[in-house]
Amino acid sequence: MAGGRTAAAAVLEVVGEISGMSSGNGCGVFKKDCMDLVRRIALLKHLLEEIRDSGPLDLVTSESSSSKTSFGSCGWWNDLVVAFQAAKRLLSVACSFSSTNSSDGAAKKISFQFQCVTWKLEKALGNVPYDHFDISEEVQEQVAMVRSQLKRASDRYGSLNSRKFFHALSQPMENEGSNGNPEVKAKLDHIPEGIKSVGCNADQTENKLEKVCPSTVADAVSQENGAIKSIDEIKKPDAFVTPADFLCPISLELMRDPVIVATGQTYERSYIQRWIDCGNVTCPKTQQKLEHTTLTPNYVLRSLINQWCTTHNIEQPTILANGKMKKSDGSFRDVSGDVVAIEALVCKLSSRSVEERRSAVAEIRSLSKRSTDNRILIAEAGAIPILVNLLTTDDAITQEHAVTAILNLSIYENNKGLIMLAGAIPSIVQILRAGSMEARENAAATLFSLSLLDENKIIIGASGAIPALVDLLQNGSTRGKKDAATALFNLCIYMGNKGRAIRAGIISALLKMLTDSRNCMVDEALTILSVLASNQEAKVAIVKASTIPVLIDLLRTGLPRNKENAAAILLSLCKRDNENLACISRLGAVIPLTELAKSGTERAKRKATSLLEHLRKLQQHQQV
């Protein structure tokens, strides 16, 4: 146990040093990569602290509960340590890298190192046995966010050749890009010995590599002491380079939906649309003024990119290829729909005629409601950035159609990312505040749909959406209130949004729903309260609003589901809070809780029994 705590403390020291690295200074070419990596690792410090403080640091590492191994030698822990070690080495080198004094080859090596470390860290976090530790909800959300960011970064980099990957993680880096800088070497030498030693044994090294790709172990690890082959020996002769014309000049990524601007230059649609939406009137590449902002699909280039991807066995940058959609199992299915008609409609969305735009967006709204195939084809035709642009139009009918079309398109999972990339959230929030009632209802429903992805909960919460949703919850139509409640419930799963909801006045709105004689939204109110009640700020607000008597009344008279949620909320309010326990005892909660413990749902029985046990202990304590 002591050794485990020492190992955890040593890794925390490394993470602390990484967090303190001045990634904003002197990073030059790799400034953004350094800042992203430092920020993500800094968020993991809380995870390591909670692992350290969770009690015994021995973990069950096999199916047998009696088979244990020390904390420092667990495979998942070793993987995590190696990832942090590699990240520290990389940052030390990248922050000292000077493009003026180094070769292009050195820069490429460092770039590849970022690819490797990102991949390794994401995989290592995926193997942590979170259930074995008392990890708080807030920290779990932070880790989930970091894993999501690393996964997206890994997906952008593409797949890794395991031999190059292992070489990149294992080789010393002080000679790659550092120009023999003694300060860099000193930073590397400062890594604690306990950390340096992890994963350096030849047998351990080979075992780790087998997890990546068993067939290449013999190629990557030599027979003598596990020495790594030289970089020249493991270079593959069939390596290929993506043609420059296939990369978007803005994102430098393989284009998915290439479009031509007025100057004749081609860009990825979503990136050039965002450039234009930000008020820029010039071509990013040539700096010439754009005579117009019409974006013309470059079908020839899109076809060439698809052919190149097929030839080199690369994942298509588009979900469609020759009228077929790739499914999650790798197979393809036909996508039916009038592609020509949809593309013509999308072109009309940019018409100067208000009537023509209104007619086109109404038809897009209708088509997007009918089928998944239509949602795919409409997105493929580049409609999403244009629809987002129409959210700010002065024409209320066009605006209403646009937000509803985006809602329909968001039902298809792959479109959620495109909608976020197009910068839709601020405009949706503005509609939520000031649009027509139908537009507000559909804006709330859109936020719910987009918030199904965890990373979007954070973005939406920070956008100012929560106060607008609370206002709709209080003053909207019946449907608007239900849409707002659904969106708020989903957003408040993320710990950081709970405080925002409390400060926006959600508790008074929920209490009003609980005491409404029509009882039309009691379920929704209780469900949201059950999510909020784990937050200390929310607990204080719930008690201050005199919600406890209402919850106890629901224990007596509510439907089975109402009783279950009321008991769960009361239990959250009373944990480690004797004042609240005494309050529910005075208000006569014991009798309905006793009945619920006997005849409620399974969850209700557990909650009621736990509450009764807390009350019994309080009574014993008071008698003493």
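These are my notebook entries on what I looked up in a predicted model of a protein.

**Ground rules**

I number residues from 1 along each chain as its sequence is written, and I compute side-chain values on heavy atoms, with hydrogens and water left out. Since this is a predicted model, I accept local features at pLDDT of at least 70 and count side-chain atom pairs only at pLDDT 80 or more, while totals for chains, interfaces and linings use all residues.

**Overall counts**

I looked up the secondary structure and found 34 helices and eight strands, where helices (H or I, at least four residues) and strands (E, at least two) are DSSP runs numbered from the N terminus. Of the 624 residues of the protein, 48% count as buried; I take buried as under 20% relative accessible area, exposed as over 50%, and partly exposed as in between, with a 1.4 Å probe and protein chains only. I then turned to contacts, meaning heavy atoms within 4.5 Å. Among those between residues at least 6 apart in sequence, 68% join residues at least 24 apart.

**Helix H31**

I checked the span of H31 (residues 560-574), which has 15 residues and reaches 21 Å from its first C-alpha to its last, close to the 21 Å expected at 1.5 Å a residue; the expected span is 1.5 Å times one less than the number of residues. I find 11 of the 15 residues of H31 buried, so this helix is largely enclosed by the rest of the structure. Among the buried ones I list Asn562, Glu564 and Asn565, and further along Ile569, Leu570, Leu571, Leu573 and Cys574. After the helix comes arginine 576, for which I note a positive phi near 55°.

**Helix H26**

I made a similar list for H26 (residues 495-503), whose buried residues are Met495, Asn497, Lys498, Gly499, Ala501 and Ile502. The helix is followed by glycine 505, where phi is positive, near 90°.

**Helices H24 and H25**

Two packed helices are described by the angle between their axes and the distance between the axes. For H24 (residues 465-475) and H25 (residues 478-491) I find that the axes come within 8 Å and cross at roughly 145°; the axes are lines fitted to C-alpha atoms, for helices over the stretch in contact, and the angles run from 0 to 180 degrees between N-to-C directions. On the H24 side the contact includes Ile466, Leu469, Val470 and Gln474, and on the H25 side it includes Gly480, Lys481, Ala484 and Leu488. By class I record 10 nonpolar, three polar and one charged residues in this contact, with Ala, Val, Leu, Ile, Met, Phe, Trp, Tyr, Cys and Pro taken as nonpolar, Asp, Glu, Lys and Arg as charged, and the others, Gly among them, as polar.

**Salt bridges**

I searched the whole structure and found 16 salt bridges, each being a side-chain nitrogen of Lys or Arg within 4 Å of a carboxyl oxygen of Asp or Glu.

In H2 (residues 31-43), arginine 39 and aspartate 36 lie three residues apart, about one turn of the helix, and they form a salt bridge whose closest N and O atoms are 3.2 Å apart. Arginine 39 is partly exposed at a relative accessible area of 40%, whereas aspartate 36 is buried at 13%.

In H16 (residues 354-370), glutamate 355 and arginine 358 are three residues apart and so separated by about one helical turn, and their closest N and O atoms are 3.5 Å apart in a salt bridge. Arginine 358 counts as partly exposed at 22% relative accessibility. I also note that Glu355, Arg358 and Asp395 are linked in a network of salt bridges.

In H34 (residues 602-623), glutamate 602 and lysine 605 are likewise separated by about one helical turn, and their side chains meet in a salt bridge at 3.7 Å, N to O. Glutamate 602 counts as exposed at 54% relative accessibility, while lysine 605 is partly exposed with a relative accessible area of 26%.

**Two single residues**

I looked up serine 427, which is in H21 (residues 425-434) and counts as buried at 14% relative accessibility. Leaving aside its neighbours within four places in sequence, serine 427 is in contact with Val388, Leu391 and Thr392.

I also looked up glutamate 49, which is in H3 (residues 45-52) and is partly exposed at 24% relative accessibility. Its C-alpha atom and that of valine 11 are separated by 10.0 Å, with the two residues 38 apart along the chain.
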